[in-house]
Amino acid sequence: MFARSAFRTLRPLQSQVRRYASEATSKSGTNPLVYALGAGALGGAGYWYFSGAPGAEKVAAAAPSAPVKPAFTGGDQGFISLKLSDVEIVNHNTKIFRFELPEGDMVSGMNVASALLTKYKGPNDEKPTVRPYTPISDESTKGYIELLVKQYPNGPMSTHIHNMAPGQRLEVKGPLPKYAWSENKHDHIALIAGGTGITPMYQLTRAIFNNPNDKTKVTLIFGNVTEEDILLKSKFDELENTYPQRFRAFYVLDKPPKDWAGHGGFISKDLLKTVLPEPKSDNIKLFVCGPPGMVKAISGPKDKMKQGELAGILKELGYNEEQVYKF
Ligand SMILES: Cc1cc2nc3c(=O)[nH]c(=O)nc-3n(C[C@H](O)[C@H](O)[C@H](O)COP(=O)(O)OP(=O)(O)OC[C@H]3O[C@@H](n4cnc5c(N)ncnc54)[C@H](O)[C@@H]3O)c2cc1C
């Protein structure tokens with residue numbers, strides 16, 4: 001609901017949004033409209049932690065850190081077999097799968113940003129299918145990880161995971177390093193996501209807002225087909241309410257409902273021009289993750305495991321390769 005009301009104010013807000021997007025982190029409280037948007041929810045937000053996945057064990061980021069045992073250690077560890085313990089339905093094609101780590105007091109060992117690789121070879125398959133997933137459970141959660149998986153028609157891995165029943169096992173390996181985050185690495189980042197491309201963005205966002213020392217501003221642009229497809233929206237609403245000066249989300253729907261006050265169609269050049277930090281801003285980074293067609297249109301395709309040349313809308317808007325990371 002909050003995000004919708006934020007959208008209703010988007011068009012008159014456009015010049016303000018650009019200003020918000022290019023403000024230095026050290027300035028605070030300079031945008032009265034942004035204040036107004038979130039004022040009701042600001043109270044006492046000096047220390048706050050992001051709760052992570054639904055039902056995840058909550059561990060305050062500032063708590064003294066006890067020695068932890070990581071389940072995934074990378075290197076030559078190879079795949080380990082994790083038992084599925086629980087399945088939660090999210091919508092018509094997406095579920096949350098909870099997998100037990102080998103020991104109850106283990107954490108995942110994921111760093112931010114990183115992914116896990118899953119492997120499955122069906123009885124009639126010549127070769128195993130290997131696909132990356134980013135857990136939505138917090139890195140400090142002990143005993144399990146949670147994967148938010150959308151089922152694609154005839155997609156071999158997503159269909160396999162969706163067909164699993166509690167008690168069955170999945171081969172998982174990691175962490176697969178992505179963009180190494182450290183606090184305040186950038187003044188302002190923008191996350192451009194489509195569909196399940198949101199999970200790496202969620203991981204990054206959790207790391208930033210769980211850390212009271214990290215003052216990075218975050219702008220999310222999230223494209224989906226229908227309103228029901230917007231994953232993790234309550235988490236982003238919570239952030240937008242708590243940190244109106246540091247977190248803004250813009251939702252784009254290909255098939256919006258009649259009363260949708262936000263953007264329709266695909267994530268467009270016009271929208272990005274309005275809400276992204278300007279290319280000439282100091283120390284910004286834009287992250288892109290989503291279906292191959294979307295990544296190609298926004299930033300040019302990845303070249304297998306490499307970043308690939310920067311192309312598409314971001315190049316047209318004047319960003320350079322250093323400023324963009326494709327998950
Ligand atoms: C870093 C990273 C993290 C990911 N994390 C998750 C996650 O947490 N949850 C999740 O459900 N998926 C995630 N994905 C996508 C996942 O790896 C698989 O591509 C997806 O589950 C489809 O696999 P499949 O074998 O079922 O089907 P495939 O045959 O591989 O693909 C089926 C369809 O999925 C589309 N597709 C491929 N990649 C993506 C993508 N990234 N976003 C949206 N559509 C895509 C293809 O265009 C195709 O139409 C992630 C991808 C990357 C690169």
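User: In what order do the six strands of the open sheet stand?
Analyst: The model is predicted. Its six strands pair in the antiparallel sense and form an open sheet. The edge strands, each pairing on one side only, are β6 (129-133) and β7 (144-150). The order is β6-β5-β8-β2-β3-β7.

User: Which residue in β7 stands opposite T94?
Analyst: Strand β3 covers residues 94-100. It pairs with β7 over seven bridges, in the antiparallel sense. Opposite T94 stands K150.

User: What angle does the direction of helix α4 make with that of β7?
Analyst: Helix α4 (residues 156-163) packs on the sheet. The strands touched by α4 are β3, β5 (114-120), β6, β7 and β8 (169-177). Between the directions of α4 and β7 the angle is about 120°.

User: Which elements give two or more residues to the shell around the ligand?
Analyst: The ligand is surrounded by 26 residues, and the closest are G155, M157, S158, T196 and T199. By type, the shell holds 14 nonpolar, ten polar and two charged residues. The elements that give two or more residues are β6, β7, α4 and α5 (198-209).

User: Which element gives the most to the largest nonpolar core?
Analyst: In soluble globular proteins, nonpolar side chains tend to be buried together. Here the largest nonpolar core has 68 residues, and L191, I192, I221, L286 and F287 have the most contacts inside it. Leaving out residues up to four places away in sequence, F287 touches I189, L191, I192, M201, L204, Y325 and F327. The element that gives the most to this core, with seven residues, is α5.

Key. Residues numbered from 1 in each chain as written. Predicted model: local features only at pLDDT ≥ 70, side-chain atom pairs only at ≥ 80, totals over all residues. Pairing = 2+ DSSP bridges. Helix = DSSP H or I, 4+ residues; strand = E, 2+ residues; numbered from the N terminus. Contact = placed C-beta atoms within 7 Å. Axes fitted to C-alpha atoms, helices over the stretch in contact; angles between N-to-C directions. Near = placed C-beta within 6 Å. Nonpolar A, V, L, I, M, F, W, Y, C, P; charged D, E, K, R; others polar. Core = buried A, V, L, I, M, F, W, Y, C linked by C-beta atoms within 7 Å. Buried ≥ 20, exposed ≤ 12 C-beta atoms within 10 Å, placed from the backbone.
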